[in-house]
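User: I'd like to go through the charged side chains in this one. Can you take me through them?
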Amino acid sequence: MMKNKIFKFLYIKQEKQYEDAYGTWIKFRINPFNPLTYVVMILGLLTGLIMFGLVGMWREIDSTNVFKWNEYQIGERTFKQQEQ
């Protein structure tokens, strides 16, 4: 997505890649030390209010802590690969 590339270029989104016994994972979070992050968050909230309204916006957003590391798996190892 173009949005993710722009956020990485501006250091708003941080990503780390690591491997373990189950495969390759990417950890990501919003950078809490970059002032542009807070500008983007305010613009996102204003855009959400305009598009969805107050009640609809709370249904659409993920209200977990955005500054904590989240992760998703990008590659999975098979049992044969784990034995090697």
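Analyst: Keeping in mind that this is a predicted model, R29 is a good place to begin: among the residues that R29 touches, leaving aside those up to four places away in sequence, are I12, K13, Q14, V66, F67, K68 and W69.

User: Where does R29 sit in the fold?
Analyst: R29 lies in strand β2, which covers residues 23-30.

User: Which side chain of opposite charge is nearest to R29, and how far away is it?
Analyst: That is E15, at 12 Å, and R29, although buried, has no salt bridge. A salt bridge needs a side-chain nitrogen of Lys or Arg within 4 Å of a carboxyl oxygen of Asp or Glu.

User: What polar contact does the R29 side chain make, then?
Analyst: The side chain of R29 is in polar contact with the side chain of Q14, at 2.6 Å, and Q14 also appears among the residues that R29 touches.

User: Switching topic: how many salt bridges does the structure hold?
Analyst: There are two. E15 pairs with K8, where the closest N and O atoms are 3.2 Å apart, and the side chains of E15 and K13 meet at 3.5 Å, N to O. K8, K13 and E15 are thus linked in a network of salt bridges.

User: Is K13 buried or exposed?
Analyst: K13 is buried, because its relative accessible area is 17% and the cut-off for buried is under 20%.

User: And what about E15 and K8?
Analyst: E15 counts as partly exposed, with a relative accessibility of 30%, and K8 likewise counts as partly exposed, at 39%.

Methods: Residues numbered from 1 in each chain as written. Predicted model: local features only at pLDDT ≥ 70, side-chain atom pairs only at ≥ 80, totals over all residues. Heavy atoms only, no water. Helix = DSSP H or I, 4+ residues; strand = E, 2+ residues; numbered from the N terminus. Buried < 20%, exposed > 50% of the residue type's maximum accessible area, 1.4 Å probe, protein only. Lys, Arg positive; Asp, Glu negative; His and termini not counted. Polar contact = N/O pair within 3.5 Å; in protein donor to acceptor, adjacent residues only side chain to side chain. Contact = heavy atoms within 4.5 Å.
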